[in-house]
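Q: I'd like to talk through this model with you, starting with how the chains are built. Can we begin with the terms and then go on to the details?

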Amino acid sequence: MRASRSTRVALLVYGIVVIFLLYLPLISVGFASISKARYLSFPIRTYATKWYGEALASSTVIELFNTSLKIAVIVTAVSMIVGFFGALAFARYQWRYRPLFQKLILLPIFFPQTVLGLALLIWFNTIGIVPTWKTAVVAHLVWIAPIATLVIAIRAYGFDPALEEAARDLGASTFAILREVTLPLLMPGIISAGLFAFLLSWGNFPLSLFTTGADSTLPEWLYAKMVSGYSPLVPTLGILSVLGSFVIIAVAFTLRWMVKGRQAE
Amino acid sequence: MMERLDRRQGLLAALPITALLAVSFLAPLLLVALFSIMPQKVFSVLNMPDFSSFGVIVSQGYYRSLFWSLSMAFAATVILLVVCWPLAYGMAKVFGRFSLVLTIAVVMTLFVSENIRLFGWVLTLMKGGLIEGYMRSYLGAGPDGMLYNVPIIVFGLVYVYFPFMLFPLAQGISMVPDDARQAATDLGATRWQVFREIDLPLAAPGILVGSLLSFVLAAGAMAESKLLGGQVVIVLADDVETAFTFGQNWPLGSALAMVLIILVGTVAVVGLSRVDLDTIMGRKR
């Protein structure tokens, strides 16, 4: 049943309006970041890029970027590995506790992150670990590793177990099957999971808030300044953080495009 | 023989993430549960248990923040269902290529820290912000007082949790076979009847997952009320934070957290038990 022309047009217009509304706040932040005035007020009278210069020269800012980056890179690597095996247990192997395991994976995703952060804070305190950026890695993993698992599981649902069985019939060992058949087949899912993991960790705020101790990530610093003591660097750093995400996405898509091109040859 | 192998491999493959979640998710939750039955203001679980924290929740009126959290989350979920349905329908059945554009555009927003996006709304809506500022300079006057009220907090929740409703809903609607809709129409069903008798029941798993995600996440949210609402109402997550930090009262904070966890957890577990995960995630038959 094809939708009528007017329905199609109406839905299309609606979709475009929604996209516009989703990005409107970022447009405001963008304008604010190139306003020259120290105290922001629209309409903007004079534009300047001086806040970007100031931000990039500041050692605090570089430290914030470093902390966020360190956390995101480790979270990505661990999520990809743990998520690969987790996805096989989630979607591929038929084992007795699979339904229970599936619920365990979903639970942290269906969980208020602020509460999770605070629970981890008193947990680390009780077992005598001083919170630093390393504890934030653990906090991020609780939420991000299950998401990575789900992303890879979607891919794992789609592949044919007969491929693994064929390899086994031809005499391949369990480890060889994993390396030569399962891993390459799931690779696109693992890469998307890695991308998700990096970006979600990079932008995460509620989990970092209580678990970084004396260290601070970029979103945490931004929040602190938003709630008390506005700084003209807030919009600038906000945009820089967004740009960081988009660069990673662009790189990922370019790599994928290059790999595809090579395979086609 | 294949099945026995599957069983062993399943257990082995589940091990790393299960260990991770046991140590850094289940154990902390157990600790919170223990702290919630400790006497006021202690920092160790080796005290005589009592239920004083739950008494404090009632006597000090902490149920008000619970009420606000739950009712705003509920309102946001209902609005999200209405707002997302046409778009999800479009993505699943109408758009074709534009679906991909829309998906990428929506997913990209997820990767921008939610406080940056909410701050963007503050800049857009505040006095002297994008809307009021430009309207004042072109038309002489602009709308004032768009921020710092309850509806704008609900708007913030709708905005932030939009993807969590849209994608499950689109997935659910794509599971409705076109033949069934066609058959119903051929038999003389009106549009409304097709929607009520075919779309709604067949897309139910997607509706359920989307609503659960939005409700649960919105009920525990804090940034929306702090940034957009300017503390016009205090939400539960806020009270939990205050009790743990400024209040230095871990048992009270834990008890408040437990109330939220139990309420939200019950909703999530009951809801999820009605969904066949394997089907909604696209298992091949």
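A: Helices here are DSSP runs of H or I with at least four residues, and strands are runs of E with at least two, numbered from the N terminus. On those terms, and bearing in mind that this is a predicted model, the secondary structure of chain A comes to 11 helices and zero strands.

Q: And what does chain B have in the way of helices and strands?
A: Chain B has 14 helices and zero strands, and its elements, read from the N terminus on, run α-α-α-α-α-α-α-α-α-α-α-α-α-α.

Q: What does each C-alpha trace span along its principal axes?
A: For chain A the C-alpha trace spans about 75 × 65 × 35 Å, and for chain B the corresponding figures are about 80 × 70 × 35 Å.

Q: How much of each chain counts as buried?
A: In chain A, 46% of the 265 residues count as buried, while in chain B buried residues make up 45% of the 285 residues.

Q: What about contacts between residues at least 24 apart in chain A?
A: If you take the contacts in chain A between residues at least 6 apart in sequence, 76% of them join residues at least 24 apart. For chain B, among contacts with a separation of 6 or more, residues 24 or more positions apart account for 72%.

Q: Switching to the contact between the chains, how many residues come from each side?
A: Chain B puts in 80 residues and chain A puts in 70 residues.

Q: Which helix gives the most on the chain B side?
A: That is helix H1 of chain B, residues 2-35, which gives 21 residues to the side that touches chain A. Taken as a whole, the side of chain B that touches chain A divides into 49 nonpolar, 19 polar and 12 charged residues.

Q: Back to chain A: how far does H6 reach, and where does it bend?
A: Helix H6 of chain A covers residues 133-157, so 25 residues, and it reaches 35 Å from its first C-alpha to its last, which is close to the 36 Å expected at 1.5 Å a residue. H6(A) nevertheless bends by about 40° at Leu141(A).

Q: Is that helix mostly covered or mostly open, and how many residues are buried?
A: H6(A) is mostly covered, with 21 of its 25 residues buried.

Q: What about H3 of chain A, how far does that one reach?
A: Helix H3 of chain A, residues 59-92, has 34 residues and reaches 48 Å from first C-alpha to last, close to the 50 Å expected at 1.5 Å a residue. H3(A) has a bend as well, of about 25° at Gly83(A).

Q: Now H3 in chain B, at what angle do that helix and H10 pack?
A: H3(B), residues 63-94, and H10(B), residues 204-219, pack at an angle of about 145° with their axes 8 Å apart, and the crossing is right-handed.

Q: Which residues meet there?
A: On the H3(B) side they include Leu70(B), Phe74(B), Thr77(B) and Leu81(B), and on the H10(B) side they include Ser211(B), Phe215(B) and Ala219(B). The residues of this contact divide into 10 nonpolar, four polar and no charged.

Q: One last residue, Val78(B): why does that one count as partly exposed?
A: Val78(B), which is found in helix H3 of chain B, has 15 other C-beta atoms within 10 Å, and it is partly exposed because that count falls between the 12 or fewer of an exposed residue and the 20 or more of a buried one. Val78(B) also lies 9.4 Å from Val158(B), C-alpha to C-alpha, although the two are 80 residues apart in sequence.

Note on methods. Residues numbered from 1 in each chain as written. Chains lettered and ligands numbered in written order. Predicted model: local features only at pLDDT ≥ 70, side-chain atom pairs only at ≥ 80, totals over all residues. Contact = placed C-beta atoms within 7 Å. Nonpolar A, V, L, I, M, F, W, Y, C, P; charged D, E, K, R; others polar. Bend = angle between axes of the 7 residues up to and from the residue. Axes fitted to C-alpha atoms, helices over the stretch in contact; angles between N-to-C directions. Left-handed = near helix turned anticlockwise from the far one by under 90°.
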